[in-house]
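Okay, hi everyone, thanks for coming. I'll walk you through one structure today, so let's get it up on the screen.

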Amino acid sequence: MSRSRRAARWLQPGLVVKRWMITSGLGLVIALLGAAVWADLQPIYWTLETIRWGLNRITQVMPRGITGPLVLLIGGALIWLGQSRSFGAIQQALAPEKDTLLVDALLAQRRLNRGPTIVAIGGGTGLATLLSGLKRYSSNLTAIVTVADDGGSSGVLRRELGVQPPGDIRNCLAALAREEPLLTRLFQYRFKAGSGLEGHSFGNLFLSALTAITGSLESAIIASSRVLAVQGQVVPATNADVRLWAELENGERIEGESQIGHAPCPIVRLGCTPERPPALPRALEAIANAELIVLGPGSLYTSLLPNLLVPELVSAISASKAPRLYICNLMTQPGETDGLDVGGHLRAIEAQLASLGVEQRLFTAVLAQEELDDSSLLDVYRLRGAEPVTCQASVLKEQGYEVILAPLQGARPSATLRHEPRSVAKEVIRFYRKHRRD
(Lines give C-alpha, C1' and ligand atoms only; values in the text may rest on other atoms or scores of the structure.)
Protein backbone atom coordinates (compact mmCIF):
# COMPACT_ATOMS: atom_id res chain seq x y z
CA MET A 1 0.00 0.00 0.00
CA SER A 2 2.82 2.41 0.86
CA ARG A 3 4.44 1.79 -2.53
CA SER A 4 1.11 2.50 -4.21
CA ARG A 5 0.78 5.75 -2.28
CA ARG A 6 4.30 6.76 -3.28
CA ALA A 7 3.54 5.95 -6.91
CA ALA A 8 0.35 8.03 -6.74
CA ARG A 9 2.33 11.01 -5.45
CA TRP A 10 4.04 11.24 -8.82
CA LEU A 11 0.65 12.34 -10.18
CA GLN A 12 0.64 15.51 -8.06
CA PRO A 13 0.85 18.74 -10.07
CA GLY A 14 3.98 20.87 -10.13
CA LEU A 15 6.69 18.17 -10.11
CA VAL A 16 7.66 19.04 -13.71
CA VAL A 17 8.16 15.33 -14.42
CA LYS A 18 4.92 14.12 -16.02
CA ARG A 19 4.93 16.76 -18.75
CA TRP A 20 8.41 15.80 -19.87
CA MET A 21 7.60 12.08 -19.75
CA ILE A 22 4.59 12.73 -21.99
CA THR A 23 6.70 14.97 -24.23
CA SER A 24 9.38 12.30 -24.63
CA GLY A 25 6.73 9.63 -25.34
CA LEU A 26 5.09 11.83 -27.96
CA GLY A 27 8.51 12.53 -29.46
CA LEU A 28 9.19 8.80 -29.74
CA VAL A 29 5.89 8.22 -31.56
CA ILE A 30 6.56 11.14 -33.95
CA ALA A 31 10.11 9.91 -34.60
CA LEU A 32 8.81 6.42 -35.44
CA LEU A 33 6.19 7.92 -37.76
CA GLY A 34 8.90 9.94 -39.47
CA ALA A 35 11.02 6.84 -39.98
CA ALA A 36 7.96 4.99 -41.32
CA VAL A 37 7.16 7.78 -43.80
CA TRP A 38 10.78 7.78 -44.91
CA ALA A 39 10.46 4.01 -45.51
CA ASP A 40 7.31 4.49 -47.64
CA LEU A 41 4.95 3.50 -44.73
CA GLN A 42 5.97 -0.17 -44.97
CA PRO A 43 6.97 -0.45 -41.26
CA ILE A 44 3.55 0.85 -40.19
CA TYR A 45 1.82 -1.68 -42.41
CA TRP A 46 3.95 -4.55 -41.10
CA THR A 47 3.42 -3.42 -37.48
CA LEU A 48 -0.36 -3.18 -37.85
CA GLU A 49 -0.51 -6.55 -39.57
CA THR A 50 1.60 -8.13 -36.83
CA ILE A 51 -0.61 -6.63 -34.10
CA ARG A 52 -3.78 -7.78 -35.91
CA TRP A 53 -2.41 -11.27 -36.36
CA GLY A 54 -1.29 -11.46 -32.73
CA LEU A 55 -4.63 -10.23 -31.38
CA ASN A 56 -6.53 -12.72 -33.53
CA ARG A 57 -4.41 -15.58 -32.20
CA ILE A 58 -4.81 -14.46 -28.56
CA THR A 59 -8.59 -13.99 -28.77
CA GLN A 60 -8.93 -17.44 -30.28
CA VAL A 61 -7.37 -18.90 -27.12
CA MET A 62 -8.98 -16.58 -24.52
CA PRO A 63 -12.16 -14.48 -24.77
CA ARG A 64 -11.87 -10.70 -25.25
CA GLY A 65 -13.23 -9.98 -21.77
CA ILE A 66 -10.19 -11.69 -20.24
CA THR A 67 -7.52 -10.86 -22.82
CA GLY A 68 -8.08 -7.09 -22.76
CA PRO A 69 -7.73 -6.55 -18.99
CA LEU A 70 -4.83 -9.02 -18.81
CA VAL A 71 -2.82 -7.26 -21.54
CA LEU A 72 -3.66 -3.91 -19.94
CA LEU A 73 -2.37 -5.12 -16.56
CA ILE A 74 0.83 -6.49 -18.10
CA GLY A 75 1.45 -3.19 -19.91
CA GLY A 76 0.78 -1.15 -16.77
CA ALA A 77 3.07 -3.41 -14.71
CA LEU A 78 5.89 -3.00 -17.23
CA ILE A 79 5.47 0.80 -17.20
CA TRP A 80 5.48 0.86 -13.39
CA LEU A 81 8.52 -1.43 -13.20
CA GLY A 82 10.46 0.59 -15.74
CA GLN A 83 9.69 3.97 -14.20
CA SER A 84 10.29 2.87 -10.60
CA ARG A 85 13.63 1.33 -11.56
CA SER A 86 14.56 4.45 -13.54
CA PHE A 87 13.79 6.85 -10.69
CA GLY A 88 15.48 4.50 -8.23
CA ALA A 89 18.63 4.53 -10.36
CA ILE A 90 18.51 8.34 -10.58
CA GLN A 91 18.18 8.65 -6.79
CA GLN A 92 21.01 6.17 -6.24
CA ALA A 93 23.24 8.25 -8.50
CA LEU A 94 22.31 11.61 -6.97
CA ALA A 95 22.04 10.71 -3.28
CA PRO A 96 23.14 7.12 -2.59
CA GLU A 97 23.33 7.59 1.21
CA LYS A 98 20.03 9.44 1.69
CA ASP A 99 16.78 7.87 2.84
CA THR A 100 14.66 10.61 1.25
CA LEU A 101 12.63 9.36 -1.69
CA LEU A 102 13.08 11.18 -4.97
CA VAL A 103 9.40 12.15 -5.14
CA ASP A 104 9.62 13.58 -1.60
CA ALA A 105 12.72 15.57 -2.53
CA LEU A 106 11.03 16.95 -5.65
CA LEU A 107 7.88 17.88 -3.73
CA ALA A 108 9.94 19.58 -1.01
CA GLN A 109 12.00 21.49 -3.56
CA ARG A 110 8.86 22.59 -5.38
CA ARG A 111 7.42 23.93 -2.12
CA LEU A 112 10.66 25.77 -1.29
CA ASN A 113 10.93 27.27 -4.77
CA ARG A 114 7.43 28.68 -4.37
CA GLY A 115 8.26 30.17 -0.97
CA PRO A 116 8.39 33.92 -0.33
CA THR A 117 11.38 36.04 -1.32
CA ILE A 118 12.82 37.09 2.05
CA VAL A 119 15.72 39.42 2.85
CA ALA A 120 17.14 38.96 6.36
CA ILE A 121 19.52 41.65 7.64
CA GLY A 122 21.84 41.29 10.61
CA GLY A 123 24.84 39.32 11.80
CA GLY A 124 26.16 37.14 14.58
CA THR A 125 24.46 33.94 15.68
CA GLY A 126 21.00 35.57 15.64
CA LEU A 127 20.86 35.88 11.85
CA ALA A 128 22.15 32.32 11.38
CA THR A 129 19.44 31.06 13.76
CA LEU A 130 16.72 32.83 11.77
CA LEU A 131 18.05 31.50 8.45
CA SER A 132 18.20 27.90 9.65
CA GLY A 133 14.50 28.16 10.47
CA LEU A 134 13.41 30.06 7.34
CA LYS A 135 15.06 27.60 4.96
CA ARG A 136 12.28 25.14 5.86
CA TYR A 137 9.80 27.50 4.20
CA SER A 138 11.63 29.01 1.23
CA SER A 139 14.72 28.75 -0.93
CA ASN A 140 14.38 32.40 -1.99
CA LEU A 141 16.43 33.76 0.89
CA THR A 142 19.02 36.51 0.96
CA ALA A 143 21.11 37.22 4.06
CA ILE A 144 22.69 40.69 4.17
CA VAL A 145 25.47 40.40 6.73
CA THR A 146 27.49 42.99 8.62
CA VAL A 147 31.26 43.00 8.05
CA ALA A 148 32.32 45.17 10.98
CA ASP A 149 33.61 42.41 13.30
CA ASP A 150 37.10 43.02 14.67
CA GLY A 151 37.31 40.46 17.48
CA GLY A 152 38.15 36.77 17.76
CA SER A 153 39.28 34.75 14.75
CA SER A 154 37.71 37.21 12.29
CA GLY A 155 39.56 40.13 13.89
CA VAL A 156 42.92 38.34 13.74
CA LEU A 157 42.46 37.46 10.05
CA ARG A 158 41.32 40.99 9.33
CA ARG A 159 44.42 42.52 10.94
CA GLU A 160 46.97 40.02 9.63
CA LEU A 161 45.65 39.32 6.12
CA GLY A 162 43.74 42.52 5.38
CA VAL A 163 40.54 40.65 4.51
CA GLN A 164 36.99 41.47 5.53
CA PRO A 165 35.88 39.55 8.65
CA PRO A 166 34.42 36.20 7.53
CA GLY A 167 32.92 34.93 10.82
CA ASP A 168 29.29 36.05 10.52
CA ILE A 169 29.23 35.13 6.84
CA ARG A 170 30.56 31.66 7.67
CA ASN A 171 27.72 31.16 10.17
CA CYS A 172 25.10 32.15 7.60
CA LEU A 173 26.56 29.88 4.91
CA ALA A 174 26.51 26.95 7.32
CA ALA A 175 22.93 27.76 8.36
CA LEU A 176 21.72 27.76 4.74
CA ALA A 177 23.69 24.69 3.62
CA ARG A 178 21.50 21.86 2.27
CA GLU A 179 23.95 19.05 1.63
CA GLU A 180 26.79 17.15 3.23
CA PRO A 181 26.38 17.64 7.01
CA LEU A 182 29.99 16.54 7.49
CA LEU A 183 31.20 19.31 5.17
CA THR A 184 29.13 21.84 7.11
CA ARG A 185 30.63 20.63 10.40
CA LEU A 186 34.07 20.97 8.85
CA PHE A 187 33.26 24.55 7.84
CA GLN A 188 32.31 25.34 11.44
CA TYR A 189 35.20 23.43 13.05
CA ARG A 190 37.35 25.55 15.37
CA PHE A 191 40.94 24.56 16.07
CA LYS A 192 41.59 24.00 19.77
CA ALA A 193 45.39 23.80 19.57
CA GLY A 194 48.28 24.64 17.31
CA SER A 195 50.52 27.68 17.15
CA GLY A 196 48.75 30.26 15.02
CA LEU A 197 45.73 27.99 14.46
CA GLU A 198 44.18 27.90 17.92
CA GLY A 199 40.88 29.79 18.01
CA HIS A 200 40.47 29.93 14.22
CA SER A 201 37.61 28.13 12.50
CA PHE A 202 38.26 26.19 9.30
CA GLY A 203 35.53 28.16 7.53
CA ASN A 204 37.18 31.48 8.36
CA LEU A 205 40.51 30.26 6.99
CA PHE A 206 38.79 28.81 3.92
CA LEU A 207 36.94 32.06 3.14
CA SER A 208 40.07 34.14 3.72
CA ALA A 209 42.13 31.95 1.36
CA LEU A 210 39.35 31.98 -1.24
CA THR A 211 39.12 35.78 -0.96
CA ALA A 212 42.84 36.02 -1.77
CA ILE A 213 42.40 33.64 -4.74
CA THR A 214 39.23 35.18 -6.21
CA GLY A 215 40.07 38.79 -5.39
CA SER A 216 36.99 39.64 -3.29
CA LEU A 217 34.94 38.30 -0.39
CA GLU A 218 31.82 38.39 -2.56
CA SER A 219 33.37 35.98 -5.09
CA ALA A 220 34.63 33.77 -2.26
CA ILE A 221 31.10 33.57 -0.83
CA ILE A 222 29.64 32.60 -4.22
CA ALA A 223 32.21 29.82 -4.62
CA SER A 224 31.64 28.58 -1.05
CA SER A 225 27.89 28.60 -1.63
CA ARG A 226 28.34 26.12 -4.47
CA VAL A 227 30.47 23.82 -2.30
CA LEU A 228 27.92 23.84 0.54
CA ALA A 229 24.84 23.79 -1.76
CA VAL A 230 23.55 26.92 -0.03
CA GLN A 231 19.80 27.49 -0.19
CA GLY A 232 19.61 31.16 -1.09
CA GLN A 233 22.44 33.67 -1.07
CA VAL A 234 24.65 35.42 1.47
CA VAL A 235 25.77 38.99 0.67
CA PRO A 236 28.06 41.30 2.67
CA ALA A 237 26.45 44.63 3.55
CA THR A 238 29.40 46.43 1.93
CA ASN A 239 32.76 45.64 0.38
CA ALA A 240 34.43 48.50 2.29
CA ASP A 241 36.81 47.95 5.22
CA VAL A 242 34.34 49.24 7.83
CA ARG A 243 35.47 50.28 11.33
CA LEU A 244 32.77 51.03 13.89
CA TRP A 245 32.82 53.78 16.50
CA ALA A 246 30.28 54.69 19.16
CA GLU A 247 29.56 57.93 20.99
CA LEU A 248 28.54 57.36 24.62
CA GLU A 249 26.21 59.28 26.87
CA ASN A 250 29.15 60.69 28.85
CA GLY A 251 30.71 62.14 25.67
CA GLU A 252 33.35 59.45 25.37
CA ARG A 253 33.99 57.86 21.98
CA ILE A 254 35.07 54.24 21.67
CA GLU A 255 36.25 52.50 18.51
CA GLY A 256 36.00 48.91 17.34
CA GLU A 257 33.10 46.45 17.31
CA SER A 258 34.64 44.34 20.07
CA GLN A 259 34.90 47.41 22.36
CA ILE A 260 31.38 48.69 21.64
CA GLY A 261 29.94 45.46 23.03
CA HIS A 262 31.41 46.41 26.43
CA ALA A 263 30.52 50.10 26.56
CA PRO A 264 30.79 51.52 30.11
CA CYS A 265 27.65 53.67 29.70
CA PRO A 266 24.68 53.94 27.29
CA ILE A 267 25.43 54.42 23.60
CA VAL A 268 24.04 57.58 22.02
CA ARG A 269 25.18 57.23 18.42
CA LEU A 270 26.91 54.71 16.20
CA GLY A 271 29.09 55.53 13.22
CA CYS A 272 31.75 54.06 10.99
CA THR A 273 34.76 54.85 8.85
CA PRO A 274 34.55 55.23 5.94
CA GLU A 275 31.52 57.39 6.64
CA ARG A 276 29.22 56.27 3.78
CA PRO A 277 30.26 52.78 2.72
CA PRO A 278 28.80 51.56 -0.59
CA ALA A 279 26.35 48.67 -0.81
CA LEU A 280 26.82 45.70 -3.10
CA PRO A 281 24.52 45.63 -6.16
CA ARG A 282 23.32 42.10 -5.25
CA ALA A 283 22.11 43.35 -1.88
CA LEU A 284 20.21 46.25 -3.44
CA GLU A 285 18.67 43.96 -6.05
CA ALA A 286 17.56 41.50 -3.35
CA ILE A 287 15.85 44.25 -1.36
CA ALA A 288 14.12 45.60 -4.48
CA ASN A 289 12.68 42.12 -5.20
CA ALA A 290 11.87 41.21 -1.60
CA GLU A 291 8.39 40.19 -0.47
CA LEU A 292 9.46 40.48 3.18
CA ILE A 293 12.35 42.30 4.88
CA VAL A 294 13.48 41.19 8.34
CA LEU A 295 15.96 42.88 10.69
CA GLY A 296 17.39 40.77 13.49
CA PRO A 297 17.58 39.05 15.83
CA GLY A 298 21.06 39.99 17.00
CA SER A 299 23.17 42.41 18.98
CA LEU A 300 21.62 45.83 18.44
CA TYR A 301 24.74 47.98 18.12
CA THR A 302 27.23 45.44 16.76
CA SER A 303 25.16 43.21 14.45
CA LEU A 304 22.04 45.13 13.35
CA LEU A 305 22.70 48.87 13.26
CA PRO A 306 26.04 48.53 11.36
CA ASN A 307 23.99 47.42 8.33
CA LEU A 308 21.94 50.63 8.58
CA LEU A 309 25.15 52.67 8.32
CA VAL A 310 25.19 51.82 4.62
CA PRO A 311 23.05 54.63 3.10
CA GLU A 312 22.18 52.74 -0.09
CA LEU A 313 20.76 49.85 1.93
CA VAL A 314 18.62 52.25 3.96
CA SER A 315 17.35 53.94 0.79
CA ALA A 316 16.52 50.57 -0.78
CA ILE A 317 14.60 49.44 2.31
CA SER A 318 12.76 52.76 2.43
CA ALA A 319 11.74 52.41 -1.24
CA SER A 320 10.58 48.81 -0.87
CA LYS A 321 6.85 48.05 -0.71
CA ALA A 322 7.48 44.78 1.17
CA PRO A 323 6.33 44.42 4.79
CA ARG A 324 9.19 44.90 7.27
CA LEU A 325 9.65 43.14 10.58
CA TYR A 326 12.10 43.75 13.41
CA ILE A 327 12.85 40.73 15.64
CA CYS A 328 13.91 41.81 19.12
CA ASN A 329 16.33 39.93 21.36
CA LEU A 330 15.11 37.82 24.28
CA MET A 331 17.58 39.25 26.80
CA THR A 332 19.46 42.50 27.25
CA GLN A 333 23.20 42.41 26.59
CA PRO A 334 25.40 43.74 29.41
CA GLY A 335 27.48 46.70 28.23
CA GLU A 336 25.37 47.19 25.09
CA THR A 337 21.63 47.26 25.75
CA ASP A 338 21.38 47.48 29.56
CA GLY A 339 17.91 48.58 30.66
CA LEU A 340 16.40 48.67 27.16
CA ASP A 341 12.94 47.21 26.61
CA VAL A 342 11.47 46.53 23.17
CA GLY A 343 10.51 50.18 22.84
CA GLY A 344 14.08 51.18 23.73
CA HIS A 345 15.44 48.97 20.95
CA LEU A 346 13.05 50.55 18.46
CA ARG A 347 13.96 54.06 19.59
CA ALA A 348 17.66 53.24 19.14
CA ILE A 349 16.98 52.13 15.55
CA GLU A 350 14.99 55.29 14.82
CA ALA A 351 17.64 57.52 16.42
CA GLN A 352 20.32 55.88 14.31
CA LEU A 353 18.31 56.44 11.15
CA ALA A 354 17.55 60.03 12.17
CA SER A 355 21.30 60.69 12.47
CA LEU A 356 21.51 59.75 8.77
CA GLY A 357 18.64 62.09 7.90
CA VAL A 358 15.98 59.36 7.65
CA GLU A 359 12.87 60.44 9.50
CA GLN A 360 10.40 57.71 8.48
CA ARG A 361 10.14 54.43 10.35
CA LEU A 362 11.66 51.61 8.36
CA PHE A 363 10.34 48.86 10.65
CA THR A 364 6.79 49.37 11.86
CA ALA A 365 6.23 45.79 13.07
CA VAL A 366 8.10 44.06 15.87
CA LEU A 367 8.26 40.42 16.92
CA ALA A 368 9.18 39.95 20.57
CA GLN A 369 9.27 37.27 23.23
CA GLU A 370 6.18 36.95 25.39
CA GLU A 371 6.79 37.30 29.12
CA LEU A 372 9.24 34.70 30.41
CA ASP A 373 8.45 32.71 33.51
CA ASP A 374 10.92 32.83 36.40
CA SER A 375 13.37 29.94 36.29
CA SER A 376 16.80 28.93 37.54
CA LEU A 377 18.17 29.59 34.04
CA LEU A 378 16.80 33.14 34.14
CA ASP A 379 18.49 33.63 37.51
CA VAL A 380 21.82 32.59 35.98
CA TYR A 381 21.41 35.23 33.28
CA ARG A 382 20.53 37.87 35.87
CA LEU A 383 23.71 37.07 37.77
CA ARG A 384 25.59 37.89 34.57
CA GLY A 385 23.81 41.24 34.26
CA ALA A 386 21.23 40.29 31.61
CA GLU A 387 17.49 40.84 31.99
CA PRO A 388 14.51 39.77 29.85
CA VAL A 389 13.64 42.36 27.20
CA THR A 390 10.16 43.38 28.32
CA CYS A 391 7.51 44.64 25.94
CA GLN A 392 4.82 47.23 26.67
CA ALA A 393 2.66 46.14 23.77
CA SER A 394 -0.20 48.56 24.43
CA VAL A 395 2.14 51.58 24.45
CA LEU A 396 3.83 50.52 21.23
CA LYS A 397 0.49 49.92 19.53
CA GLU A 398 -0.61 53.43 20.49
CA GLN A 399 2.58 54.69 18.81
CA GLY A 400 1.57 52.94 15.59
CA TYR A 401 3.61 49.75 15.83
CA GLU A 402 2.31 46.30 15.02
CA VAL A 403 3.36 44.12 17.96
CA ILE A 404 3.58 40.32 17.86
CA LEU A 405 4.33 38.44 21.07
CA ALA A 406 5.20 34.74 20.85
CA PRO A 407 7.24 32.03 22.64
CA LEU A 408 10.35 32.48 20.51
CA GLN A 409 12.64 30.38 22.71
CA GLY A 410 10.67 27.23 21.85
CA ALA A 411 8.65 24.84 23.96
CA ARG A 412 11.49 22.53 24.98
CA PRO A 413 13.75 23.62 27.87
CA SER A 414 17.35 24.32 26.88
CA ALA A 415 20.61 25.33 28.53
CA THR A 416 20.47 28.83 27.04
CA LEU A 417 17.85 31.51 26.46
CA ARG A 418 18.06 31.92 22.72
CA HIS A 419 15.72 32.08 19.78
CA GLU A 420 14.67 28.64 18.58
CA PRO A 421 14.89 28.49 14.76
CA ARG A 422 11.54 26.82 14.07
CA SER A 423 9.60 28.98 16.51
CA VAL A 424 10.97 32.23 15.09
CA ALA A 425 10.56 31.14 11.47
CA LYS A 426 6.96 30.07 12.08
CA GLU A 427 6.05 33.51 13.43
CA VAL A 428 7.88 35.28 10.58
CA ILE A 429 6.01 33.25 7.95
CA ARG A 430 2.72 33.83 9.78
CA PHE A 431 3.42 37.59 9.67
CA TYR A 432 4.20 37.38 5.94
CA ARG A 433 1.03 35.44 5.13
CA LYS A 434 -1.10 37.89 7.08
CA HIS A 435 0.30 40.86 5.18
CA ARG A 436 0.07 39.07 1.86
CA ARG A 437 -3.68 38.59 2.42
CA ASP A 438 -4.03 42.23 3.43
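I'll start with the whole chain and then go into its sheet.

One thing up front: what you see is a predicted model. The chain has 438 residues, and 44% of them are buried. Its secondary structure adds up to 19 helices and 10 strands. As for the outside, the accessible surface is about 23,700 Å², and carbon and sulfur atoms account for 57% of that. Now think about contacts between residues at least 6 apart in sequence: 72% of these join residues at least 24 apart.

Right, on to the sheet. In which order do its strands sit? Reading across, you get β3-β2-β1-β7-β8-β9-β10, so to speak a row of 7 strands forming an open sheet, with parallel pairing. Because β3 (233–236) and β10 (402–406) stand at the edges, each has a single partner strand, and one side of each is left without a neighbour in the sheet. On average, neighbouring strands here are turned by 20° against each other, if you ignore direction.

A quick reminder for anyone new to this: strands of a sheet pair through backbone hydrogen bonds, and they can be parallel or antiparallel.

Let's zoom in on one pair. Strand β7, residues 292–295, pairs with strand β8, residues 324–327, in the parallel sense over 3 bridges. If you want to find one of the partners on screen, look for V294, whose bridge partner in β8 is L325.

And which helix lies across β2 and β3? That's α8, residues 167–176. Helix α8 runs at about 170° to β3, and β2 covers residues 141–145.

That's my tour, thanks for listening!

Notes. Residues numbered from 1 in each chain as written. Predicted model: local features only at pLDDT ≥ 70, side-chain atom pairs only at ≥ 80, totals over all residues. Heavy atoms only, no water. Pairing = 2+ DSSP bridges. Helix = DSSP H or I, 4+ residues; strand = E, 2+ residues; numbered from the N terminus. Axes fitted to C-alpha atoms, helices over the stretch in contact; angles between N-to-C directions. Contact = heavy atoms within 4.5 Å. Buried < 20%, exposed > 50% of the residue type's maximum accessible area, 1.4 Å probe, protein only. Areas by Shrake-Rupley, 256 points an atom, 1.4 Å probe, with all protein chains shown as cover.
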